[in-house]
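Trainee: I have a model open and want to check the labels. Can we go through how each one is earned?
Mentor: Gladly. Put it up.

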Amino acid sequence: MMEAYLYDALDDQKVMCNLCNHRCIIKDGRRGICGVRENRRGTLETLVYGKLIARNIDPIEKKPLYHLLPSSLSYSIATVGCNFRCLFCQNADIAQMPSDRNGMITGNDYTPEEIVTDAVKGGCKTISYTYTEPTVFFEFAYDTAKLAGAKGIQNIFVTNGYMTAEALKMINPYLDAANVDLKAFNEDFYKTYCGAKLEPVKETLKLMKSLGIFVEVTTLLIPGLNDDKKELESLAAFLADDLGSETPWHISRFHPTYKLTDRPSTPVATLLAAREIGIRAGLKYVYTGNVPGENGEKTFCYKCGKILIDRWGFYVRENLVKDNRCSYCGAQIHGVGL
Ligand code: SF4
């Protein structure tokens, strides 16, 4: 346990947490929405510093990041807790543990030094703060990222994008890349199915781009909830116009899970139609996820149309990008270390 970063002391021993856009006002003895930050007599404490529930070495393609150091390994860590309540959460057993299991917090203790040493030993070029929401274990992510950066390891947030501008600006010197979930493009969806708001996520995405953080975006398409053609057209236009046409967009397949079991898996045809919408909006790199073997997991040159990075699931079979250029026509292929 340690004192949290980014909070204000208020009257009557209350505090306001400024880490994410919920900006919870927390009374003495209570926790914020994420269930991992607690007010103890007017001091906000993080309950998950170094308490890791998951620690794996993954291919970077699994994050998913397709345009950052392809076929490299990413040391991936998480604590329990999340500031969203997505009914379709794919990692609910760890992300929603505090809220679903009476405040339960568990994990094994590590220091930032141990994580960075292990990442170096494992041949990882990056550390990913992932599986649950890294914003809620910000203090440990920040300390680890700072140390990792000094060792030449890049840092990645796989995030719902709900952190405040203050939090993002604080970690910005050490945060190289992010995959941000843009879960839908309507406020009702965010409110009803995630317990959050859309607008702050859009602001985070724009701020990340302006700070020079490399960004890829993921949208999980859920039949009947966020797959409306017009909504997807608006979402794709936002990505192309506000973030830039070079922003990779991953459209991912839903399978019934957690509290959302009343609808089928996303039809492959819906994913392919969404991919076409992205391409028509001007996006250069649009992918379909959770559908191994589809063309939508390959990188095509947006100029000459040739296949440049051939993937199967998370694995790269062939990479014909040379120094960020198409090896056929010389077009610039956007990303880091391609
Ligand atoms: S991180 Fe977000 S959800 Fe958690 S206490 Fe702070 S403001 Fe509330």
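Trainee: Which cavity does the ligand take up?
Mentor: The largest cavity is the space taken by the ligand. Keep in mind that this is a predicted model.

Trainee: What makes a residue part of the ligand's surroundings?
Mentor: A heavy atom within 4 Å of the ligand. Cys-17, Leu-19, Cys-20, His-22, Arg-23, Cys-24, Gly-32, Ile-33, Cys-34, Arg-37 and Asn-83 surround the ligand.

Trainee: How do these shell residues divide by character?
Mentor: Into 6 nonpolar, 3 polar and 2 charged. Cys counts as nonpolar and Gly as polar, so the scheme matters here.

Trainee: How do you know that the fold agrees with a compact globule?
Mentor: Compare radii of gyration. For 338 residues, a compact globule would come out near 20 Å. The protein has 20 Å, so the two agree. The C-alpha trace spans about 65 × 45 × 30 Å along the principal axes.

Trainee: How much of the protein counts as buried?
Mentor: 55% of the 338 residues. The cut-off is under 20% relative accessible area.

Trainee: What is the strand order in the open sheet of 3 strands?
Mentor: The order is 17-18-19, with antiparallel pairing. Strand 17 (299–300) and strand 19 (315–319) are edge strands, as each pairs on one side only.

Trainee: Why do strand 18 and strand 19 count as paired?
Mentor: Pairing needs at least two bridges. Strand 18 (residues 307–312) is joined to strand 19 by 4 bridges, so the pair qualifies. Trp-312 stands opposite Tyr-315 in strand 19.

How values were computed: Residues numbered from 1 in each chain as written. Predicted model: local features only at pLDDT ≥ 70, side-chain atom pairs only at ≥ 80, totals over all residues. Heavy atoms only, no water. 1 Å grid on protein atoms, 1.4 Å probe; cavity = no way out; pocket = protein on both sides within 12 Å on 5 of 7 lines; lining within 4 Å. Sits in = over half its atoms within 2 Å of the grid points. Helix = DSSP H or I, 4+ residues; strand = E, 2+ residues; numbered from the N terminus. Rg over C-alpha atoms; globule rule 2.2 N^0.38 Å. Buried < 20%, exposed > 50% of the residue type's maximum accessible area, 1.4 Å probe, protein only.
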